[in-house]
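Please open the model in your viewer and keep the sequence panel visible. The tour below proceeds selection by selection.

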Amino acid sequence: MTAAIRPRALPLAVLAACAAGLLALNGCVALGLEHPPTAEQPLPTVASPSPTAKGSARGDGAVLTDEQARDALITQTDLGAPWAATRGAATWRDGMLKATTEATKCQRLLDALYADELLGGPARVAVGLDDADTDAQLRYQIGARRPAEVDAQLAWLRTMPADCARFTATTETDLVEDVQVSEVTLPEVGDAREGLHVTVATTTSDDQQVVLTLDVAAVRVGSDAFALTNGGLGDVPNDATQAAVQIGALRLGAVRKQGRVQV
């Protein structure tokens, strides 16, 4: 394994009002954006189903066992400081991504982002990492879908910058959001890939502007695939996204190769 890639520290321009605790309490609470933006109930650092026997066949067509899939996850060491094991699910997930829109095609995107199912179904294994300096959160998962299903999901994601370039949505607290979607170029890794840049802007009840920024990536490597979201309040430079995609593809490929050797 090559040495871990350590991108530069990400100087995320976090929304100053919330980060400094200057936003009126009712505004932050309405969005679920208390500082730090983490939920009271912690999100497991690594979430996975019960492990299957090594080398056992899977109904979804994936080559890796669950144990190998866990080995393919990226870690905080890969991204370097200030990334660390997550402190819990970011509260902007409920506050801003749990929303509805009259644009049917775009509702599917909101639902996938909120449920963390960019590959079209629940993850086999997942890890959450937090940037302690900026309160950004990165969620990385290995999927459990057949290659044809992953490719279909990638093809759908590819339509989002055109079909959902800009639309409005409404949160459960009746905040109106301006959502914009554009394409993100990813490293040329894996067999198929797609990246999106999503911004969700709204104004709180006390006229404070809040912007959630998400980098989204999904990559298929042979019969297996991974996806990630890198999000936070304000502008999220995609250095960590690019590094996670690069490292994730290399690691997944290496674990797949190991698996074939052991068979």
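Begin by selecting Glu183, which is placed in strand S7; helices (H or I, at least four residues) and strands (E, at least two) are DSSP runs, numbered from the N terminus. The model is a predicted one, in which local features need pLDDT of at least 70 and side-chain atom pairs count only at pLDDT 80 or more, while totals for chains, interfaces and linings use all residues. Residues are numbered from 1 along each chain as its sequence is written, and side-chain values use heavy atoms, with hydrogens and water left out.

**Stop 1: Glu183 and strand S7**

Is Glu183 buried or exposed? Glu183 is exposed, with a relative accessible area of 55%. Here, buried means under 20% relative accessible area, exposed over 50%, and partly exposed in between (1.4 Å probe, protein chains only). Leaving aside residues up to four places away in sequence, Glu183 touches Pro161, Glu194 and Gly195, where contact means heavy atoms within 4.5 Å. Add Val198 to the selection: its C-alpha atom is separated by 8.8 Å from that of Glu183, and the two residues are 15 apart along the chain.

Next, display the whole of S7 with its partner strands. Two strands pair if DSSP finds at least two bridges between them. S6 and S7 run antiparallel and are joined by five bridges; within this pairing, Ala169 has Glu177 in S7 as its bridge partner. The two strands form a hairpin with four residues between them, and Asp174 in the turn has a positive phi of about 70°. S7 also pairs with S8 in the antiparallel sense, over seven bridges, and Asp178 has Ala201 in S8 as its bridge partner.

**Stop 2: Thr202 and the hairpins of S9**

Move to Thr202, which lies in strand S8. Thr202 counts as buried, at 5% relative accessibility. Select Val176 as well: the C-alpha atoms of Thr202 and Val176 are separated by 6.1 Å, although the residues are 26 apart along the chain.

Now extend the selection to S9. S8 and S9 run antiparallel and are joined by twelve bridges, and Ala201 finds its bridge partner in Val211 of S9. The hairpin of S8 and S9 has five residues between the strands, where Asp207 takes a positive phi near 65°.

Continue from S9 into S10. These strands run antiparallel with ten bridges between them, and Asp215 stands opposite Asn230 in S10. Their hairpin has two residues between the strands, and Gly222 in the turn has a positive phi of about 65°.

How many of the 13 residues of S9 are buried? Eleven of them are, so S9 is largely enclosed by the rest of the structure.

**Stop 3: helix H7**

Select H7, a helix of 17 residues. H7 reaches 24 Å from its first C-alpha to its last, close to the 24 Å expected at 1.5 Å a residue; the expected span is 1.5 Å times one less than the number of residues. Show the side chains of Val150, Gln153, Leu154, Trp156, Leu157 and Met160, which are buried. They cover an arc of only 160° around the axis, which puts them on the same side of H7; the arc is that of the directions from the helix axis to the C-beta atoms. An α-helix has 3.6 residues a turn, so residues three or four places apart point the same way.

Add the elements that cover this buried side: among them are H6, S7 (176–183), S8 (192–203), S9 (209–221) and S10 (224–233). Then rotate to the face of H7 turned away from its buried side, which carries the exposed residues Ala148 and Ala162.

**Stop 4: the disulfide**

Select Cys106 and Cys164, which are joined by a disulfide with an S to S distance of 2.1 Å; a disulfide is a pair of cysteine sulfur atoms within 2.5 Å. By this rule the count comes to one disulfide. Cys106 lies in helix H6 (residues 104–115) and Cys164 in the loop between H7 (147–163) and S6 (166–171), so the pair ties together parts that are 58 residues apart in sequence. The link is left-handed, with -105° about the S-S bond, and both Cys106 and Cys164 are buried.

**Final view: the whole protein**

Zoom out to the full chain, with its eight helices and ten strands. Buried residues make up 50% of the 263 residues in the protein.
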